[in-house]
Amino acid sequence: MELTHPDKVLFEDGRVTKGELAAFFEAVREPLLRFARGHVVFVKRYPEGTGGKGFFQKNLPEYAPEWMKAVDLGKWKKARYTIVEELDTILWWVNQDAIEFHLVPLRAPDFKYVRYMVFDLDPPEGMPFAEVRDFALAIRPVIESFGYATCVKPSGKRGAHIYCPLEPRWTAEEVFAAAKEVGEAILERFPGHTLDPRAERGPHSILVDILRNHPFQSAVMPWSTRAVPEATVSLPLTWESFGKMESPKEFTVRTVPSWYARHGDAWADFAEKAGPLHTSGKR
DNA sequence: GCCAGCC
DNA sequence: GGCTGGCAACGCGTG
DNA sequence: CACGCG
């Protein structure tokens, strides 16, 4: 994939260019594709860089080349969604100034069953990262008490994501219902936080967003960059590495390639950890 | 970044 | 030819 | 009932 304007600055801090962004994705192609291949991907594009206005794009435009793989998932509307097939899928979108990649947890070829459950931990404005980090560490045993494996990563902005790999045998409706039970158990154990995105929140109240599990909702792709001037990355980590994090700015387009070369892919065994839904007694 | 619609 | 606006859409809460 | 927004 040759880029049209590789020297165009997309991230103001450090003047990271489109070409560097593409080189970043090439450096992490192996773990990125291991996770994302076959998934429906939505993008957030910033033609004027992270300082400008961005927009979410779900449909693959007509002007995209033939080789960009798409699927019609016409549930309520005839939509042509991009499927991650090769790294060029990502790079073609990079050339369109896509900075953030969001995955729907459905995978080719059936696009029927969900591959993971997501807990998106969203801190209120001004909360230090250490406080969200410690909350993630604290709720881990609650989630695991339902029998799930847990994988953690910084969101790349201010929060964190916990993914539970699932055997692909349940629909989004079923997974959401199960996530709601887990969320309620978290709130019971740690009152003062919330599951409601519209709730009025105090300075120590974290939103445990389970709505990412609703049908056709998406969540930030592991290894995706985020649209902040520092070019941070939502880097899959071990719980041990995550527990040492002090700031999401530790992991950027500039630092992650060497970090990956040294530490490898913390989520390499994601698929092997897949388990059943805890509500699936009678299957 | 690219297109369609409008001036 | 140049400028501008769109490029998502669920479920609930408010006027 | 039409929008506004997270």
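How much space lies in the largest pocket of this structure? About 340 Å³. Before I describe that pocket, let me state that what you see is a predicted model.

The lining of the largest pocket comprises 19 residues, and those closest to its centre are D120, D122, H161, D209 and R226. By class, eight of the lining residues are nonpolar, four are polar and seven are charged. As for secondary structure, three strands each contribute at least two residues to the lining: β8, spanning 116-122, β11, spanning 207-209, and β12, spanning 219-220. Which of the strands gives the most to this lining? It is β8, with four residues.

I turn now to the nucleic acid. Which residues are found around DNA strand B? They are T4, H5, K8, K18, R45, P47, F55, Y63, N95, Q96 and D97. On the DNA side, sugar and phosphate make up 55% of the atoms of strand B that come within 4 Å of the protein. Sorted by class, the protein surface near the strand has three nonpolar, four polar and four charged residues.

Three individual contacts deserve a closer look. Two of them involve the phosphates. In H5, a side-chain N or O atom is 3.1 Å from a phosphate oxygen of DNA strand B. In K18, a polar side-chain atom lies 2.6 Å from a phosphate oxygen of the strand. The third contact involves a base: a polar side-chain atom of R45 is placed 3.0 Å from a base nitrogen of DNA strand B.

Let me stay with K18 for a moment. K18 belongs to helix α1, which covers residues 18-27. Is K18 buried or exposed? With a cut-off of under 20% for buried residues, K18 counts as buried, because its relative accessibility is 2%. That value takes account of the protein chains only. Within the protein, the side chain of K18 makes a polar contact of 3.4 Å with the side chain of T4. A polar atom of the K18 side chain also lies 3.0 Å from the backbone oxygen of N95. Both T4 and N95 are themselves among the residues around DNA strand B.

The next topic is the aromatic residues. The model holds 20 aromatic pairs. One of them joins F35 and Y163, whose ring centres are 6.1 Å apart; their planes meet at 65 degrees, so this pair is edge-to-face. F35 is in helix α2, residues 29-36, whereas Y163 is in strand β10, residues 160-165, and the pair thus links parts of the chain that are distant, 128 residues apart. Both residues are buried.

Another edge-to-face pair is made by F129 and F242, with 6.1 Å from centre to centre and 75 degrees between the planes. Here F129 comes from helix α4, residues 129-144, and F242 from helix α6, residues 239-243, so the pair ties together parts that are 113 residues apart in sequence. F129 counts as buried at 7% relative accessibility, and F242 is buried as well, with a relative accessible area of 0%.

F35 and Y163 also appear in an aromatic cluster, together with Y116, W267 and F270.

I close with some features of the backbone, located in loops. In the loop between β7, spanning 98-107, and β8, we find P109. The peptide bond that leads from A108 to P109 is cis, with omega near 5 degrees.

Which residues of the loop between β12 and α6 should we inspect? Two of interest are W223 and A231. Phi of W223 is positive, near 80 degrees, in a residue other than glycine. For A231, phi is likewise positive, near 60 degrees, and this residue too is not glycine. W223 is buried, with a relative accessible area of 1%, and A231 counts as buried at 1% relative accessibility.

Finally, G38 sits in the loop between α2 and β3, the latter spanning 39-45. G38 is buried, with a relative accessible area of 8%. From C-alpha to C-alpha, G38 and R212 are 19 Å apart in space, and 174 residues separate them in sequence.

Technical notes:
Residues numbered from 1 in each chain as written. Chains lettered and ligands numbered in written order. Predicted model: local features only at pLDDT ≥ 70, side-chain atom pairs only at ≥ 80, totals over all residues. Heavy atoms only, no water. Near = heavy atom within 4 Å. Polar contact = N/O pair within 3.5 Å; in protein donor to acceptor, adjacent residues only side chain to side chain. Nonpolar A, V, L, I, M, F, W, Y, C, P; charged D, E, K, R; others polar. 1 Å grid on protein atoms, 1.4 Å probe; cavity = no way out; pocket = protein on both sides within 12 Å on 5 of 7 lines; lining within 4 Å. Points joined across faces, edges and corners; volume = space filled by probe spheres on them. Phe/Tyr/Trp six-rings, centres within 6.5 Å; stacked < 30°, edge-to-face > 60°. Buried < 20%, exposed > 50% of the residue type's maximum accessible area, 1.4 Å probe, protein only.
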